[in-house]
Amino acid sequence: MTNAEVARVFTRIAVMLEMQGQNPFRVRAYREGARVIESLAEPVAAMAAEEGRIEALRGIGKDLAAKIRDIVTTGTTELYDELQKTIPAEVVALTELQGLGPKRVKTLLDTLGIRNRDDLEAAAKAGRLRELPGFGEKVEQNVLKALAVASRGSGRMLLAAAWPVAETLVAHLKAVHGVKQVEAAGSLRRRKESVGDLDIVVTGGSSEAVMEAFVTHAYVADVLGRGETKSSVRLGNGLQVDVRHVPAGAFGAALLYFTGSKEHNIELRKIALEQGMSLNEYALTKGDTVVAARTEADIYAALGLAWVPPELREMVGEIEQARDGMLPRLIEPGDLVADLHMHTDRTDGHESIETMVRAVAERGYAYCAITDHSRAAGGGGFDEARVRQSVDEIAAVRRKFPKLEILHGLEVDILGDGALDMTDAGLQLLDWVLVSIHSRFDQPAADATRRVLAAIEHPAVRAMAHPTARLIGGRPGAQFDVERVFERAAALGVAMEINAQPDRLDLRDTHARLARAKGCRFVIDTDAHSIPQLDHMRFGVFVARRAGLTKADVLNTLPIARFREAIRAPGAAHGKAPAKAPARAKPAVKPKAAKAKAVKQTR
Ligand code: DGT
Ligand code: CA
Ligand code: CA
Ligand code: ZN
């Protein structure tokens with residue numbers, strides 16, 4: 001059984017216990033257990049075979065460990081079988097659909113006798129869900145969408161989840177005797193937001209030793225194929241990995257080929273043909289002669305091109321730029337000197353301000369912003385009075401960390417009509433105002449566009465956080481006219497955030513590229529809710545690189561003094577004013593933050 005399968009049993013137990021109204025702590029223990037198992041790179045089945053190893057995992061006690069052993073050996077455990085007598089597993093499986101929680105599934109079962117996806121689809125298509133309590137027409141449509149998404153099944157893994165796995169395997173293969181070079185190619189090397197599988201290219205050492213080391217690695221659950229030049233495995237976390245062993249003289253050609261994208265490769269082959277040459281995964285050749293093969297740079301040079309950073313190999317104009325010597329000098333993680341979006345335990349973060357700030361300081365940043373939520377986001381979100389209190393809290397932490405500049409920020413919800421969830425008096429107490437959408441993601445595009453435009457028009461607003469609010473593999477996000485919003489944001493000097501949370505990566509690469517073309521400036525932030533999340537910054541930088549962004553495009557690369565100037569002056573980060581920068585008007589809709597109803601925290 002894969003880790004995902006074991007985790008699913010735990011999640012289902014949690015849901016069943018919840019549907020029975022059992023102790024929330026017990027429910028949470030199984031959910032937490034599922035999360036722990038899912039995040040393991042090594043197959044939990046293998047770990048279970050060794051004494052004490054799963055017990056040592058955080059969140060897994062003796063009881064859960066025993067159940068894991070049952071599940072990996074028999075596929076089930078007594079409690080799961082017992083619970084299924086009252087709630088069938090196929091009913092529970094319905095809670096795995098986007099937008100259907102235990103409560104709604106219970107309603108479906110009790111009122112319409114819906115027991116599986118087929119029942120559900122038929123009922124939704126017949127328009128019978130909309131009349132149910134807590135449903136409505138919108139939910140009915142979303143159920144149909146969720147069913148379609150589930151049947152497609154993306155089978156892709158977030159880059160951030162695949163990343164440490166790739167690092168581990170690359171290091172493992174590098175340690176094999178005689179091995180000279182190991183690179184993770186494919187979509188991972190291009191830093192796509194999610195990867196279908198890993199493609200690792202190795203040279204040096206004996207193929208026999210490399211493949212043996214690979215297929216016997218602790219992460220491996222199944223060996224799908226083993227050959228001299230190529231082996232494929234499935235890992236405990238479900239990820240497939242292909243390893244290719246190639247001669248040193250052909251490493252560049254193999255790396256180029258397996259890095260892709262396929263479309264970029266096809267274009268390179270066309271260019272080779274036009275010049276009377278031929279390019280494949282072994283070499284660039286002219287007749288029987290090898291022109292270049294050892295390094296990627298050699299091959300690009302022989303084709304009359306500059307070496308293209310893998311993030312740009314997506315047919316986004318990189319071939320022309322490489323030919324004309326116009327490739328951008330992409331931003332690098334080391335260019336960032338600040339993180340301007342993070343939460344503390346004053347709202348939904350895990351750590352106190354002080355602990356969070358200390359972790360920021362340890363990461364070598366020059367400045368940061370503490371940006372808890374406003375009231376509409378729920379979970380203790382701030383109103384004006386709370387912002388006043390926060391002024392003193394920030395002052396106290398500034399005294400403790402004199403070398404780090406700490407901006408007093410807030411992540412202010414954009415209400416449904418575009419008003420900000422904070423009074424003007426509250427906003428004036430802040431150094432750094434982010435605005436973002438946490439509700440009504442499904443507004444019609446025209447309304448969503450008006451909403452966002454009204455919000456960024458407010459003169460206190462400095463940046464828009466995770467602008468579309470999409471979740472990768474989850475919800476598509478707000479559907480507004482991004483071109484109009486980017487144009488207006490550029491004119492107003494409101495920065496667009498690239499949010500580095502692994503399942504957000506919002507703006508996404510294509511949007512960030514468009515925003516840059518419209519003259520927007522950016523910030524790249526972690527939106528950390530805990531200390532480990534501060535280390536997600538690189539994933540935001542990867543998106544920026546895929547969008548062709550340079551250091552000059554990103555405000556939190558600036559020293560604090562220049563940053564302060566830049567956030568006041570539209571277009572200042574480029575060292576030039578944008579073509580037209582109209583004076584900032586008062587918002588079209590009057591903020592009515594005080595009346596905003598607190599709703600449950602949603603991401
Ligand atoms: P993924 O795994 O879906 O996230 O995306 P990739 O890009 O890693 O794709 P994958 O693993 O199927 O193949 C790795 C690279 O190998 C791909 O980026 C380009 C190259 N490649 C694979 N199949 C073909 C092909 O039919 N033609 C060409 N020119 N290149 C290919
Ligand atoms: Ca791949
Ligand atoms: Ca592959
Ligand atoms: Zn946030």
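## Backbone geometry

In this predicted model, Leu 507 is placed in the loop between β16 (495–499) and α22 (509–517). The peptide bond that leads into Leu 507 from Asp 506 is cis, and its omega is near 5°. A second cis peptide bond joins Gly 260 to Ser 261, with omega near -5°. Ser 261 belongs to the loop between α13 and α14, and these helices span residues 251–259 and 262–274 respectively.

Met 315 is a residue other than glycine with a positive phi, near 55°. Its place in the chain is the loop between α15 (296–302) and α16 (318–324). As a general background to these three sites, most peptide bonds are trans, and most residues other than glycine have a negative phi.

## Domain arrangement

The protein chain is divided into four parts: domain 1 covers 3–153, domain 2 covers 157–245, domain 3 covers 251–324, and domain 4 is made up of 336–575 + 584–597. Taken over C-alpha atoms, the centres of domain 1 and domain 3 are separated by 47 Å.

Where does ligand 1 lie with respect to domain 2 and domain 3? The shell around ligand 1 receives residues from both domain 2 (157–245) and domain 3 (251–324), and the ligand therefore lies between them.

## Surroundings of ligand 1

Ligand 1 sits in the second largest pocket. There are 15 residues around ligand 1, and those that come nearest are Arg 156, Ser 187, Arg 190, Gly 196 and Asp 197. By character, the shell consists of six charged, six polar and three nonpolar residues.

Three helices, α11 (186–189), α13 (251–259) and α14 (262–274), each contribute at least two residues to this shell. Two of them, α13 and α14, flank the loop that holds Ser 261, the residue that follows the cis peptide bond from Gly 260.

## Polar contacts and coverage

Which distances separate polar side-chain atoms of Arg 156, Ser 187 and Arg 190 from oxygen atoms of ligand 1? For Ser 187, the distance from a polar side-chain atom to an oxygen atom of the ligand is 2.5 Å. The corresponding value for Arg 156 is 2.8 Å, and for Arg 190 it is 2.9 Å. On its own, ligand 1 has 590 Å² of accessible area, of which the protein covers 71%.

Terms used:
Residues numbered from 1 in each chain as written. Chains lettered and ligands numbered in written order. Predicted model: local features only at pLDDT ≥ 70, side-chain atom pairs only at ≥ 80, totals over all residues. Heavy atoms only, no water. Near = heavy atom within 4 Å. Polar contact = N/O pair within 3.5 Å; in protein donor to acceptor, adjacent residues only side chain to side chain. Areas by Shrake-Rupley, 256 points an atom, 1.4 Å probe, with all protein chains shown as cover. 1 Å grid on protein atoms, 1.4 Å probe; cavity = no way out; pocket = protein on both sides within 12 Å on 5 of 7 lines; lining within 4 Å. Sits in = over half its atoms within 2 Å of the grid points. Helix = DSSP H or I, 4+ residues; strand = E, 2+ residues; numbered from the N terminus. Nonpolar A, V, L, I, M, F, W, Y, C, P; charged D, E, K, R; others polar. Domains from an automatic or database assignment.
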